[in-house]
Amino acid sequence: MAQIIKIQDCISRYEQDPYHYMNQFIRLKKQRWQSMTAIAEEKEAGRFQIAAAAREETGGTKKKKFSLKRKKEASDMNSGREVDDQWFNGLKAEMDGSFIAKIPAGKKELAPFFKEYLYQFQLKWASSTISDISSLSREIHNDKILQILAQQLPDSYFLMYKPVLQVNQATVELSIILLTPLEIYCIIFLEGDKESTFSGSKNRFWKEKTVRGRETSVLNPSTELIRTGSVLSGLLKGADIDLPIRKAIFSRTSYIDYPEPPYGIDIYDRREWRNWIARQQKNIAPIKNRQLKAAKILLAHGVSDSKRRKEWLD
């Protein structure tokens, strides 16, 4: 599962300490999978008792609840990180009896359940810190593209979903940015009617023609891709980071007819989209140092709109 490190102008845990949270995500994912697998196998064998498991996971029914307010005095980066570990480790409130009851019996049914659980967990990390929180729009919660990219790409991939960055005293919203261990993708998705055809050109607008012959105009996606690529090139060059930047237009639903796209822009329509995902899933390269540096530079330029958590207000 790719790591969602930035969504639009939401505050992100990764902005505080990207190296720490990128490693912690992989560790927490492994821990929670092991915990849920053990519960699923016990359920399948008919040996599982919810009440006992809930006590074991929470460390006892009378265990004192964790309070953010008690830790308010220790809100520097290191202390905040310790608080965060306590808050997210141990499967505390999330692994109470009602949640455990939802865990399916057997690994086959557990896999999709775990993917959805982990995705919702990621949305929290990509829209909050220990002291601040951003509001995720209904559009983001229902965004299938974000969910597909997060759930189907490897852990070593970092996803910035339409991030808002501050560059040269200007605020810009960019296209989807995917940082892989070996390269960076700038991505735009064209979501049209099923089996419609987008006719690409150098004009300001493209045409989408449905199977019933209806035509509509859409803004040329190449313009946004080129702008995103230019912003990334400038930021990475200024930090002396050398990573290839690729630009791609995708469509899960439609065909894209563009015989001669601009140099450096790849096309993956409904015929090639799944093949591209499959190739990425086979990428077993670990997280690279220059990939981490690139993510840190981009996050440092991120714009965040957030508010203080109630627990941290006087």
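Start at the hairpin of β9 and β10: it has five residues between the strands, and G213 there takes a positive phi near 95 degrees. This is a predicted model, in which local features need pLDDT of at least 70, side-chain atom pairs count only at pLDDT 80 or more, and totals for chains, interfaces and linings use all residues. Residues are numbered from 1 along each chain as its sequence is written, and side-chain values use heavy atoms, with hydrogens and water left out.

**Around the β9–β10 hairpin**

Select 205-209 for β9 and 215-219 for β10; the two run antiparallel and are joined by five bridges. Strands are DSSP runs of E with at least two residues, helices are runs of H or I with at least four, and both are numbered from the N terminus. Two strands pair if DSSP finds at least two bridges between them. For one facing couple, show E208, which stands opposite T216 in β10.

Now click T210, in the loop between β9 and β10. Is T210 buried or exposed? T210 has 11% relative accessibility, so it counts as buried. The cut-offs are under 20% relative accessible area for buried, over 50% for exposed and partly exposed in between, using a 1.4 Å probe and protein chains only. Show D193 and S196 as well: T210 touches both, leaving out residues up to four places away in sequence. Contact here means heavy atoms within 4.5 Å.

**Strand β7 and its partners**

Next, select 184-189, which is β7; six of its six residues are buried. In a regular strand the side chains alternate between the two faces of the sheet. Colour I184, C186 and I188 one way and Y185, I187 and F189 another: these are the two sides of β7, and both are covered.

Add β6, residues 176-179, which pairs with β7 in the antiparallel sense over four bridges. A hairpin of four residues joins β6 to β7, and I176 stands opposite I187.

Then bring in β11, residues 245-250, which pairs with β7 in the parallel sense over six bridges. Two places to zoom in are I184, whose bridge partner in β11 is I245, and Y185, which stands opposite R246. Keep going to β13, residues 265-268: β11 and β13 run parallel and are joined by four bridges. A248 has D266 as its bridge partner in β13.

**A pocket by β7**

Which residues line the second largest pocket? Select D143, I145, Y161, K162, S175, I176, I187, I188, F189, E191 and E224. The largest share of the lining, three residues, comes from β7. The pocket has a volume of about 180 Å³. On a 1 Å grid over the protein atoms alone, a pocket is an open set of points with protein on both sides within 12 Å along at least five of seven lines, and lining residues have an atom within 4 Å of a point. Grid points are joined across faces, edges and corners, and the volume is the space filled by probe spheres set on the points.

**The nonpolar core**

Go to I4, L146, L179 and W276, the residues with the most contacts inside the largest nonpolar core, which has 77 residues. Helix α6, residues 107-125, gives the largest share of this core, eight residues. Such a core is a set of buried Ala, Val, Leu, Ile, Met, Phe, Trp, Tyr and Cys residues joined through side-chain atoms within 4.5 Å. Centre on L146 and show I4, I7, Y119, L123, I140, L159 and Y161, its contacts once neighbours within four places in sequence are set aside.

**Two last stops: Q151 and S156**

Select helix α8, residues 144-152, and pick out Q151. Q151 counts as buried because its relative accessibility is 16%. Draw a distance from its C-alpha to that of A2: 6.5 Å, for residues 149 apart along the chain. Beyond four places in sequence, Q151 touches M1, K115, E116 and Y119.

Move on to S156, in the loop between α8 and β3 (158-161). S156 is at 9% relative accessibility and therefore counts as buried. Show L179, P181, A285, P286, I287 and Q291, which S156 touches when residues up to four places away are not counted. The C-alpha atoms of S156 and N23 are 9.9 Å apart, with their positions 133 residues apart in sequence.

**Zoom out**

With the whole chain in view, there are eleven helices and 14 strands. Buried residues make up 46% of the 314 residues.

Technical notes
On a 1 Å grid over the protein atoms alone, a cavity is a set of points where a 1.4 Å probe fits but cannot get out, and a pocket is an open set with protein on both sides within 12 Å along at least five of seven lines; lining residues have an atom within 4 Å of a point.
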